[in-house]
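User: Hi! I would like to walk through this model with you, one question at a time.

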Amino acid sequence: QIMAVTPNSIITPQTPKSAIAVATTANTTYTDTPTNSVLLMTAGANGARVTKLSALARATNTATELQLYVSYDSGTTKQLIRSVLMSAYTVAQTTGQTATDFGYTEDLPLILLASARLYVAIGVSNTGILFHAEWGDY
């Protein structure tokens, strides 16, 4: 169902959301059916506006590619839409880790169609790369 639209009226996200997903096994398949991708979020019935997507390593990691896929058919087909590099980091209780940011903000959001799904994957296996998303459903 599509939200009713009133001419000359702005439609803004109505429901704030956040989600976390953890990827552990490397994905090296960039086809429409990547292996080892993990569902991060599903947009609402009227779409969504993603304003933050970041990742942290749960354990010491080597540099690894972080992959973002979108699916408009409930996960059957997944398209690679963004890739960022997470730097190598040695986890320690005496150092702070800088989150790897995908670059989405209030001023530069990722707009998703109704019921779109975002999946994440990593290029190098790890004890766990934690992905965090913030968005609003329309």
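User: Leaving aside neighbours within four places in sequence, which residues is Val-22 in contact with?

Analyst: Happy to help. This is a predicted model, in which local features need pLDDT of at least 70 and side-chain atom pairs count only at pLDDT 80 or more, while totals for chains, interfaces and linings use all residues. Residues are numbered from 1 along each chain as its sequence is written, and side-chain values use heavy atoms, with hydrogens and water left out. Contact means heavy atoms within 4.5 Å, and on that basis the partners of Val-22 are Val-38, Arg-58, Gly-128, Ile-129 and Leu-130.

User: Where does Val-22 lie, and how far in space is it from Val-38, C-alpha to C-alpha?

Analyst: Val-22 belongs to strand β1 (residues 15-23); helices (H or I, at least four residues) and strands (E, at least two) are DSSP runs, numbered from the N terminus. In sequence, Val-22 and Val-38 are 16 residues apart. In space, their C-alpha atoms are separated by 7.3 Å.

User: Is Val-22 buried, partly exposed or exposed?

Analyst: The classes are set by relative accessible area: buried means under 20%, exposed over 50%, and partly exposed in between (1.4 Å probe, protein chains only). Val-22 has a relative accessible area of 27%, so Val-22 is partly exposed.

User: In which order do the four strands of the open sheet come?

Analyst: Two strands pair if DSSP finds at least two bridges between them. The pairing in this sheet is antiparallel, and its edge strands, each pairing on one side only, are β2 (38-42) and β5 (79-86). The order is β2-β8-β4-β5.

User: By what angle are neighbouring strands of this sheet turned against each other on average?

Analyst: Axes are lines fitted to C-alpha atoms, for helices over the stretch in contact, and angles run from 0 to 180 degrees between N-to-C directions. With direction ignored, the average turn between neighbouring strands here is 25°.

User: How many bridges join β4 to β8?

Analyst: Strand β4 (residues 64-71) and strand β8 (residues 117-122) run antiparallel. Among the facing residues, Val-70 stands opposite Leu-118, and Gln-67 has Ala-121 as its bridge partner in β8. The number of bridges joining β4 to β8 is six.

User: And which residue in β8 is the bridge partner of Leu-39?

Analyst: β2 and β8 run antiparallel and are joined by four bridges. β8 itself is mostly covered, with five of its six residues buried. The β8 partner of Leu-39 is Tyr-119.

User: Which residue lies over the face of Tyr-119?

Analyst: A charge sits over a ring if NZ of Lys or CZ of Arg is within 6 Å of the ring centre and within 35 degrees of the ring normal. Arg-82 gives one such case, with its charged end 5.1 Å from the ring centre of Tyr-104. For Tyr-119, the residue over the face, at 4.2 Å from the ring centre, is Lys-78.

User: Which strand gives the most to the largest nonpolar core?

Analyst: A nonpolar core is a set of buried Ala, Val, Leu, Ile, Met, Phe, Trp, Tyr and Cys residues joined through side-chain atoms within 4.5 Å. The largest one has 28 residues, and those with the most contacts inside it are Leu-40, Leu-66, Leu-112 and Phe-131. With five residues, the strand that gives the most is β3.

User: Which residue in β9 is the bridge partner of Ala-55?

Analyst: β3 and β9 run antiparallel and are joined by nine bridges. Two bridges also join β3 to β6, where Ala-55 stands opposite Thr-100. In β9, the partner of Ala-55 is Phe-131.

User: Why is the pair of rings of Phe-102 and Phe-131 tilted?

Analyst: Rings of Phe, Tyr and Trp (its six-membered ring) pair if their centres lie within 6.5 Å; planes under 30 degrees apart count as stacked, over 60 as edge-to-face and the rest as tilted. Phe-102 is in the loop between β6 (100-101) and β7 (110-112), and Phe-131 is in strand β9 (residues 129-137), 29 residues apart. Phe-102 is buried at a relative accessible area of 1%, and Phe-131 is buried at 0%. The ring centres are 6.3 Å apart, and the pair is tilted because the planes stand at 50°.
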